[in-house]
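The following paragraphs guide the reader through one protein chain, from its overall form to its interior and its surface. The sequence and the model are shown first.

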Amino acid sequence: MVNIDSITSTSSFSNPMLRLLSLYGVSNIRSFLVGFLANLFARLSDLVPPFLLGVAIDSIILQDKPFSIPFLSNSTLPQYPISQFWLVVFLIVSSFVLSAILHWFRNWGWNSFSQNIQHAIRVDTYAHLQNLNMGFFDRKHKGELMSILSNDVNRLEIFLNDGLNSIFRLAAMVLGIAILLFYMNPALAVVSLFTIPIIAFFTHNFTKSIQPKYAHVRDSVGKLHSRLNQNLNAIQLIKLYNTESYESSRVEKTSLDYYNANWDSITTRIKFFPSLQVISGIGFTMTFLVGGFWVISGDILWISPRPLHAGEFVTFMLLHQQLVWPMTQFGQVINIYQRARASTVRIFGLIDETNLLPEKPNASELVVDSGKIIYQNVSFGYSRDKVLSDISFKVGKGESLAIVGHSGSGKSTLLRLLLRLYDIDHGSITIDGNDVRDLSLKSLRDQIGYVGQDIFLFHGTVRENIQYGSFTATEEEIIQSSKAAESHDFIMNLPSGYDTIVGERGIKLSGGQRQRIAIARALLKDPPIFIFDESTSDVDTPTESLILDFIKTHNSEKTILSIAHRLSTIQDSTNILVLQEGVIIEYGTSEELLHKKGLYFDLWNSRNI
Ligand code: ADP
């Protein structure tokens, strides 16, 4: 794993691909070198057969040149044509065998390079993502984030494996062949290589026009994922409201945007590839024309330094043919590069997201003692609009504070601030005299058991869901907290008891059962502070009373903050705080507030049973 600090500090790279390779390529340099060197030598060994073919034609078959092979001294070479022929056969077979071995190493090297990098990026990006504050997740679509973590990261495979491999392979081939061509016949080499600058010019133009198009494709695929993700999560709602055709047309529209973005990039791409083929073809024809005249007439225009032999010309043309192919492939490589670049930009967009709740370098570890929570002149708004204004109250160990108010008055927000899911704008929140902003986030959240309205259960067993976050809890402890949360009996009646799979988000359980499992989870954690945010709203009243009785009697040492819809459940709270539009309008015991005949009194009459 790469350190997140080092990730952000290397953002000075203007090219995302260089940044990617410098961050993750360096630690995988071993497999890169195996792939790179094996690739290089494999390509060089691929050049041996056409070269030997020319030698065989000129020196053995036509016998108009002395037999000689580069890197082998003439004195070691056989004298007779048949032995020379066998030597050539042996060298050709050897070069094929060597090439096969080198290709194996090449594939091993590149694949391990690509897989290791993808794995590291996926893990690092996810780790960074889950440290971002809730404000970031409020803004972003989950489907879009999923699309970056899965699609965009996977898309790098094509570049890291095939693309990077091809860049080096093609560069080695073009360079190797160009050197060989110049070595064989410099004048003819100039003719065959004059297309390279023209190809470079076309490639440059293609790169400039395709870059924004690929960025658009990645954006629209993210939006499509987001739409599909939302719809699949809302499938029950869609059925209940008969909105299938409405949703189908929304999906169709998003898919059409993706289609159009893709088509736009495809039309640019498919124009580029054939133009490279035409240019390379012109280069090939020119070489054949000039070389052919040279062989036939022994002279061509102003160049006639020496005669050009037919075998030499065949080798030259075969080698040139090997040059034409990589040149046309170059377009594919640029294309792969540009697509990966668009994905890399999106991945680094997430990594560079600095929406972190700052944790002080010397953040202290919270160890709750008196359990005293003090809100002092707290104000907060999610964006510009204030949700809470000038909130002050105290609650300590053995006490419980209930928060009451109309929907949207800021009750949940008030409690979320204690967990530091968001930072307050003014005032302070302290626990045992420690400002929550001075504490390590881990220790703060370790000391608070939270059961919210929106219960989340993972797809797994009942036991795994209760044990979530208290992974070392024993079976006995799990059963005890389940009993306290009035869950044990219903769990034992499930088909496999504690081993029953609850389904995605706990779909196989009732709302009340889910809530009781979430309460068991919080009780198992056994923290000094509890927050219950309408956590018993789906539980029937007698069961709710049993749970609350247990919490009160067994947790006399705890600090409890709660929000309840049914006011009968909170009437015994030490104090009740009544919120209206983010402002405290009443504060006191249930009895005091009933006497006051204010909002609490009205709510009591309208909601109580
Ligand atoms: P209550 O719990 O009393 O029903 P909330 O604390 O949930 O109220 O919400 C208070 C106000 O804050 C509401 O106006 C709501 O629209 C707004 N709000 C709640 N959560 C968010 C959020 N994540 N982003 C922006 N606004 C929010």
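How many helices and strands does the chain have? The model, which is predicted, contains 21 helices and 10 strands. The chain has a radius of gyration of 36 Å, well over the 25 Å that the globule rule gives for 609 residues, and it is therefore more spread out than a compact globule. The dimensions of the C-alpha trace can be set beside this value: along the principal axes, the trace spans about 120 × 50 × 45 Å.

Burial and contacts may be considered next. Of the 609 residues, 49% count as buried. Where contacts link residues at least 6 apart in sequence, 75% of them join residues at least 24 apart. The accessible surface of the chain amounts to about 30,600 Å², and carbon and sulfur atoms account for 60% of that area.

The interior can be approached through its nonpolar cores. The largest of these has 42 residues, and those with the most contacts inside it are F67, I177, L181, L188, L319 and L323. At least two residues of this core come from each of α4 (48-61), α7 (142-184), α8 (186-193), α9, α11 and α12 (310-351). Helix α12 gives the most, with eight residues. I177 may serve as an example: apart from neighbours within four places in sequence, I177 is in contact with L47, L319, Q322 and L323. A second, separate core of 31 residues includes I424, I429, I529 and L561.

F67 also appears among the contacts of a glutamine, Q84. This residue is found in helix α5, which covers residues 81-129. Is Q84 buried or exposed? Q84 counts as buried because its relative accessibility is 7%, under the 20% limit for that class. When residues up to four places away in sequence are not counted, Q84 touches I60, F67, P78 and Q79.

The surface offers a further feature. A nonpolar patch of about 810 Å² is made there by F194, I198, F201, F202, V278, I282, M286, L289 and F293. Two elements, α9 (195-233) and α11 (244-297), each give two or more residues to this patch. The largest share, five residues, comes from α11. I198, one of the patch residues, lies in helix α9. Its relative accessibility is 35%, so I198 counts as partly exposed, a class that lies between the 20% limit for buried residues and the 50% limit for exposed ones. Helices α9 and α11 thus link the two regions in this account: they supply residues to the largest core and to the nonpolar surface patch.

Methods
Residues numbered from 1 in each chain as written. Predicted model: local features only at pLDDT ≥ 70, side-chain atom pairs only at ≥ 80, totals over all residues. Heavy atoms only, no water. Patch = residues over 30% accessible without salt bridge, like charges linked within 9 Å, V, L, I, M, F, W, Y side chains within 5 Å. Areas by Shrake-Rupley, 256 points an atom, 1.4 Å probe, with all protein chains shown as cover. Salt bridge = Lys/Arg side-chain N within 4 Å of Asp/Glu carboxyl O. Helix = DSSP H or I, 4+ residues; strand = E, 2+ residues; numbered from the N terminus. Buried < 20%, exposed > 50% of the residue type's maximum accessible area, 1.4 Å probe, protein only. Core = buried A, V, L, I, M, F, W, Y, C linked by side-chain atoms within 4.5 Å. Contact = heavy atoms within 4.5 Å. Rg over C-alpha atoms; globule rule 2.2 N^0.38 Å.
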